[in-house]
Amino acid sequence: MARITNKSAGTRFMIVLQLSLVSIICFALMRGVLLVRAWPHIDNFSSAWLYIFGQGLIYDVSFISYFSIPFVLFFLFLPNRWLNSGTAKYLIQGGVFLLLYGLGFCMVAEWYFWSEFGVRFNFISVDYLVYRREVTDNILQSYPVFTILAVLFILTGFVFHFIRPAILKNLSVTESFKKRVIIAGYLLMLPLLPFCLIDQSRRCVSDNNYVNELASNGPYQLFAAFRNNQLDYRQFYVTGNDHDLSARLKKQVITDGEKPKKDDYDIGRYIKAQGAPNKLNVMLITVESLSAEFLTRFGQTNDITPFMDKWFEQGMLFTHFYATGTRTTRGLEAITLSIPPTPGRSIVKRPDNSRLYSLGKVFEDSGYDTAFFYGGRGFFDNMNAFFSGNGYRIVDEPCLGSGEVTFKNAWGVCDEDIFNRAVREANQAYTAQKPFFFHIMTTSNHQPFTFPEGKIDLAPGEGRGGSGRSGGVKYTDYALGQLINQAKKQPWFDDTVFIVVADHCAASAGKVGLPVEKYHIPLFIYSPKHIRAMEIDTLASQIDLAPTLLALLNISYQSHFFGKDILGSDFQGRALIANYQKLGLLKKDELLFLSPGKQINRVALNDENPVLEKVAVDYPGASDLMAYYQGADYVFTHQLNRWALSSSERNICYLSDIRLLSKASHRK
């Protein structure tokens, strides 16, 4: 009788279905909460909500069907006597509790991720998992983590209390293996449907970015980002005839008189400077998240950049300058390589990214002491490997002695500390009678926005009395002031060019297409003995920094740069801006961009309420757009912008290979 009762009780697989139902409810609640936050940015809500929740449910079910596969297999092969044992019941209940706790943790993480970026999980979240030390420390310093975990534990216990009786009931079931195979077969067929029918294109139906993000599923997007961290350009984007586009690219990039090679897309040419070289020292400071809107010159009213506001009146300020992307590695890529952003992850983080023609290589070949300074650990985002492979030596946090570090947080030492080290190394280069090119990447203007106390009139940190982003910006401004004041006392100051540029803006979320205002950053060049104060209102972007700087210094060089000298007579204002999927060309009145699914979109910037519209490949400007990005993809994948190894470098590589072979032979 007991055996018959157990058989009629149901199936062990009901546990999977019950957890799936709880997950769907939680995902829907999360979507509703985020919808409330995005409400002001959503038009035509009456039609948008159906797509948001309908398409969202499809992604929810797709993720759950994938995630359930190992649990379905577990219950398929678990013998009845083990399932019905007391030990198994306790372990399975513990596993269910952990899954519920993980679901709650995921929802909390999405809330904070949306707060910072205005999107569901994406490439950034993948980076956060890869670089656990920096991210974990950042989270612990930014949020009341242990309080959140404790509250989450209580809520999980509350939910578990209500579903526990049903779980125990299904753990008492006795099923034949044949029955388990049939049920598991149906459940394992479910993931085949999303595998064949569902992809990222279904979340790009609306012209409103917020609507598309809300119709997604965070965990699904996380795994999709893992799988698609580099997109095949020719598979996902509209392409044109290579011969025609390569000719158009050369017309855009190459100045009259420069002689490029004849190969398709090979823009390599020798740039001959006008006049003798002026080998000034260079300090190029890339400031973390320095949006133009933080400066009084661009509308800020809270006086958080008092030093820069005055300093930027004493040099060359570019007022219509734009970041190419939304991540630090994108900014470093554009500034260093002068190449448009290719879809997926930055070149900085890709394998086989050494020996690229870079700004540092030009300076190294010109006899400069060339170095990359980073306040954090250069392992993060693969920065050390990238810069050391492209003409730079590395000075990062581990290189600093204990006496050099006055303050550090999750991301590294404070800006003053890395600036002080740069000044010391500049003094050493001056003593050695060698010009220097130092590229400095700061860290202080980054969450958790902590910095040495007593430096400014705002409190460090965020929440609980901390000033948050405003404090981070103001401390960065203060640290820049200290650097310049200290530099003015050095013998090399008069013959040094200081450059300040942001890596990207502080926020990147926007309603339509690529939100242009979220790419606007300052570029400032200062050398009072050599550069007069002025404002340049020409539209340009980070890929133009290197050619402009080298032109100011009258340095001749072999170039594979896509950017051009902004101050040149033939420069036509335009900016290249992108995220990891959308690739844009910004002109004065409009933005054109490529999207996966072989689409070309346009946004008229002068309209009171800009809307997204699709255009054909023959639309004016579309060929220029395609030439930049199809050309950049071709140049990188076909290694057209690599320098050749010298005989001494080849000998070093040869000896290294011999040693490796010798070690391998010895191990055998």
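Let's start at Leu73, which lies in helix H4; helices here are DSSP runs of H or I with at least four residues, strands are runs of E with at least two, and both are numbered from the N terminus. Keep in mind that this is a predicted model, where local features need pLDDT of at least 70, side-chain atom pairs count only at pLDDT 80 or more, and totals for chains, interfaces and linings use all residues. Residues are numbered from 1 along each chain as its sequence is written, and side-chain values use heavy atoms, with hydrogens and water left out.

Leu73 counts as partly exposed because its relative accessibility is 35%; buried means under 20% relative accessible area, exposed means over 50%, and partly exposed is in between, with a 1.4 Å probe and protein chains only. Together with Phe77, Phe177 and Val181, Leu73 makes a nonpolar surface patch of about 370 Å². For such a patch, residues must have over 30% relative accessible area and no salt bridge, and nonpolar side chains (Val, Leu, Ile, Met, Phe, Trp, Tyr) are joined within 5 Å. Helix H4 (69-77) and helix H10 (177-189) each put at least two residues into it.

Now jump to the open sheet, where five strands line up in the order S16-S17-S18-S19-S20 with antiparallel pairing. Two strands pair if DSSP finds at least two bridges between them. At the edges sit strand S16 (575-578) and strand S20 (612-614), each pairing on one side only. From one strand to the next, the twist averages 25 degrees. Strand S19 (residues 599-604) is joined to S20 by three bridges, and Val603 stands opposite Leu612 in S20.

What lies across this sheet? That's helix H23 (residues 622-637), which crosses S16, strand S17 (583-586), strand S18 (590-595) and S19, running at about 130 degrees to S17. The angle is taken between N-to-C directions on a scale from 0 to 180 degrees, using axes fitted to C-alpha atoms, for helices over the stretch in contact; contact means heavy atoms within 4.5 Å.

Within the sheet, Glu590 and Arg602 meet in a salt bridge (2.5 Å, N to O), which needs a side-chain nitrogen of Lys or Arg within 4 Å of a carboxyl oxygen of Asp or Glu. Glu590 lies in strand S18 and Arg602 in strand S19, so the pair ties together parts that are 12 residues apart in sequence. Both residues are buried.

Helix H23 has a salt bridge too: Asp624 meets Arg248 at 2.9 Å, N to O. Since Asp624 is in helix H23 and Arg248 in helix H15 (residues 242-253), this pair ties together parts that are 376 residues apart in sequence. Asp624 is buried, with a relative accessible area of 16%, while Arg248 counts as partly exposed at 37%.

Another pair is Arg297 with Glu535, whose closest N and O atoms are 2.8 Å apart. Arg297 sits in the loop between strand S2 (281-287) and helix H16 (306-311), and Glu535 in strand S13 (residues 534-536), 238 residues apart. Arg297 is partly exposed at 41% relative accessible area, as is Glu535 at 45%. The whole structure holds 24 salt bridges.

Last stop: Pro435, in the loop between helix H20 (415-431) and strand S8 (436-441). Pro435 counts as buried because its relative accessibility is 17%. Leaving out residues up to four places away in sequence, Pro435 touches Lys279, Asn281, Gly367, Tyr368 and Asp369.

Conventions:
Patches are made of residues with over 30% relative accessible area and no salt bridge: like charges are joined within 9 Å, nonpolar side chains (Val, Leu, Ile, Met, Phe, Trp, Tyr) within 5 Å. Accessible areas come from the Shrake-Rupley method with a 1.4 Å probe; for residues, only the protein chains shown count as cover.
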